[in-house]
Amino acid sequence: MQLVVARIGRAHGIKGEVTVEVRTDEPELRLAPGAVLATDPPATGPLTIETGRVHSGRLLLRFEGVRDRTGAEALRNTLLIAEVDPEEVPEDPEEFYDHQLVDLDVVTRDGTEVGRIAEVSHLPYQDLLIVRRPDGSEIMIPFVSEIVPEIDLAEQKAVVDPPPGLLDDSQAEVASARDASDAAAAPKAEGTAPARGTGEDV
């Protein structure tokens, strides 16, 4: 099975290094020196990672045969794809690969049917489950343990505990003008990392 593990960004320096947007929770495994990766578009690869290092919080890779900035820039926006055993699971029990989540039935704690996971969207600040409802509409559910407390792969279901308004706009809580002004005056809390996450893109 093939999983997208990174997207190549801009060239870094003049010796063939590139920045990469990591799309795996296991970069030390998937993007290690010596790894051979397929690409999208296919004509760009396969690419073999020669070296990797972190610079200013970003992962930099150099590929075999790419020795200058021109060659590195030609790889920009290429997706890097790893071949993964379909039976393989992430080491962290709170992490899941996208293919494990897609097509799971989504139900509330009381068993009410919500829909089925159609896609996992990876955003910089959190992952979202794109759920297709029985009527064909789609909703986005943040993939955090407070809202998705249970993933049962054996039963092929995801249990959600949605806040008011997430599944039905008519149930959304409306703040009063006073509440809104108080909230505006209050200091903003810093964002927190998702309590659970996904491995890689399908």
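**Exercise 1. Work out the strand order and the edges of the open sheet formed by 6 strands.**

Step 1. The order is β11-β10-β9-β8-β13-β12, with mixed pairing. Strands here are DSSP runs of E with at least two residues, numbered from the N terminus. Two strands count as paired if DSSP finds at least two bridges between them.

Step 2. β11 (138-142) and β12 (150-152) are the edge strands; each has a single partner strand, so one side of each lacks a neighbour in the sheet.

Step 3. On average, neighbouring strands of this sheet are turned by 35° against each other, direction ignored. Axes are lines fitted to C-alpha atoms, and angles run from 0 to 180 degrees between N-to-C directions.

The model is predicted: local features need pLDDT of at least 70, side-chain atom pairs count only at pLDDT 80 or more, and totals for chains, interfaces and linings use all residues. Residues are numbered from 1 along each chain as its sequence is written, and side-chain values use heavy atoms, with hydrogens and water left out.

**Exercise 2. Describe how β10 pairs with β11.**

Step 1. β10 covers residues 127-132 and runs antiparallel to β11 over 5 bridges.

Step 2. Find a facing pair: Ile130 lies opposite Met140 of β11.

**Exercise 3. Place β5 among its partners.**

Step 1. β5 spans residues 58-63, and 5 of its 6 residues are buried (under 20% relative accessible area, 1.4 Å probe, protein chains only; exposed is over 50%, partly exposed in between).

Step 2. β2 (residues 17-22) pairs with β5 in the antiparallel sense over 2 bridges. Val18 has Leu61 as its bridge partner in β5.

Step 3. β4 (residues 47-55) is also antiparallel to β5, over 6 bridges. Arg53 faces Leu60 in β5.

Step 4. The β4 and β5 hairpin has 2 residues between the strands; Ser56 takes a positive phi near 55°.

Notes: Helix = DSSP H or I, 4+ residues; strand = E, 2+ residues; numbered from the N terminus.
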